[in-house]
Amino acid sequence: MKFVYLDHAATTPVRPEVREAMLPFLGEECPGNPSSIHAAGRAARKALEDAREKIAGLLGTQPREIVFTSGGTESDNLAVLGAARAAAGLGKHVVMSAIEHHAVGHAGDQLKEEGFAVERLGVDAGGRVEPEELKKRLRPDTVLVSVMLANNEVGTLQPVEEISRIAHAGPGKTLVHTDAVQAAGKIPINVKALGVDLLSISAHKIYGPKGIGLLYVRKGVRLAPLLVGGDHEFGRRAGTENAAGIAGIAKALELAVAEMTSENQRISALRARLAEGLREHVPGVHLNQHATERLPHILSACFDGIEGEGIILHLDQEGISVASGSACTSTHREPSHVLAAMGVRAQLAVSATRYSLGRATTEDHIDRAIDATARAVQKLRQ
Ligand SMILES: Cc1ncc(COP(=O)(O)O)c(C=O)c1O
């Protein structure tokens, strides 16, 4: 039985080209610490700065505005906690969407404990923030707005360009952060065009290694560092740089951007096939999606009369990997905060199933997923 992996929004395999780019830094070819002044150190520093330059070019910015981190979570934490804490003297009001990944949302909870007022912007039934809503919330003491570029559970794209414009025209000195972890490599990203001050990316969603990410920090933006120690990453993030990971994320982003148009076309067609198939073969299916503004590879569905994660377990037994849309433990079942914000009732939301497609996905995978879902739903309803 061949394995069908439909959980690319959770993580992706490392591409061979990426692995190849990383290998010199994992062995004797390029073992140096980029901070060392000898030849081995200088070689590592050169590779690291080449990677930074490549990434800056791909995102439409300057190399000094790219800070490498340990992944999307750290990038989000550094943006939200770092920017808010550094600006606390100007104000202690932060606005974020209600559908942020926990790496942003829980950073908001942390700020609350530190005395910040944190407001959450609601979304429409398609999962999209209403920029006019933001306008009403902005205050002279609003120091940060954080709205993700694309949501990880339902794939909805957010009007970040407009959000940046509104936030920067507000009454305060407001910085704008966007979590682009799911959007990177799927939609074109130019930080200047988006108008954001901070933007987070993670390598392992784009066929790069786990444990490496980056934060775009616009020149002049003040951040309180999360990690202190050496003067690495322009004093914004202490710790010996992950040279192999950095070579990996640069290669992964380069390939993702180069192949974006063709890959998106192929994957959008497969997603459409999945959506149609589910609608045709599974009665009582509800697709959690925006009609037009969405990522090509994520499809979230709920099913009437199904309680909990039975579908995921049934599919897993057939070698098909999909994700649940809710955070569950064996004792506590909590419907997704994203679906709740979209107005999906809790009883339905617990059945949420996320299919996320990728480079290896074929029509056959999609057909198998449709067929297995239809059988699982039927069995569970009985
Ligand atoms: C939207 C979003 N932000 C942040 C993260 C966290 O990234 P990482 O796993 O690299 O810490 C994820 C990963 O699931 C994500 O989907």
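**Two sheets, a helix pair and a short helix**

In this predicted model, A323 has R354 as its bridge partner in β15. A323 belongs to a strand at the border of a sheet: β12 (323-324) and β9 (285-287) are the edge strands, each pairing on one side only. The sheet itself is open and has four strands, ordered β9-β10-β15-β12, with antiparallel pairing. Between β12 and β15 (residues 353-356), which run antiparallel, there are two bridges.

The model also has an open sheet of seven strands. Its order is β2-β8-β7-β6-β5-β3-β4, and the pairing is mixed. Here the edge strands are β2 (66-69) and β4 (117-121), each of which pairs on one side only. From one strand to the next, the twist averages 20 degrees. Strands in a sheet pair through backbone hydrogen bonds, in either a parallel or an antiparallel manner. A parallel case is the pair β5 (residues 142-146) and β6 (residues 175-179), joined by three bridges. Within this pair, L144 has L175 of β6 as its bridge partner.

Helix α4 connects this sheet to the next topic. It lies across β3 (93-97), β4, β5 and β6, and runs at about 155 degrees to β3. Helix α4 (residues 102-113) also packs with helix α3 (residues 72-86), at an angle of about 30 degrees and with the axes 9 Å apart. Angles under 35 degrees count as roughly parallel, and α3 and α4 are therefore roughly parallel to each other. Their crossing is right-handed. On the α3 side the contact is made by G72, T73, D76, N77, V80, L81 and A84, and on the α4 side by A103, V104, A107, G108, Q110 and L111. By class, the residues of this contact of α3 with α4 are seven nonpolar, five polar and one charged.

The last stop is a matter of backbone torsion. Most residues other than glycine have a negative phi. E233, found in helix α8 (residues 232-235), has a positive phi, near 50 degrees. F234 lies in helix α8 too, and its phi is also positive, near 60 degrees. Are these residues buried or exposed? E233 counts as buried because it has 22 C-beta neighbours inside 10 Å, the cut-off for buried being 20 or more. F234 has 12 such neighbours inside 10 Å and therefore counts as exposed, since that class takes in residues with 12 or fewer.

Technical notes:
Residues numbered from 1 in each chain as written. Predicted model: local features only at pLDDT ≥ 70, side-chain atom pairs only at ≥ 80, totals over all residues. Axes fitted to C-alpha atoms, helices over the stretch in contact; angles between N-to-C directions. Parallel < 35°, antiparallel > 145°, perpendicular 65-115°, else oblique. Left-handed = near helix turned anticlockwise from the far one by under 90°. Contact = placed C-beta atoms within 7 Å. Nonpolar A, V, L, I, M, F, W, Y, C, P; charged D, E, K, R; others polar. Pairing = 2+ DSSP bridges.
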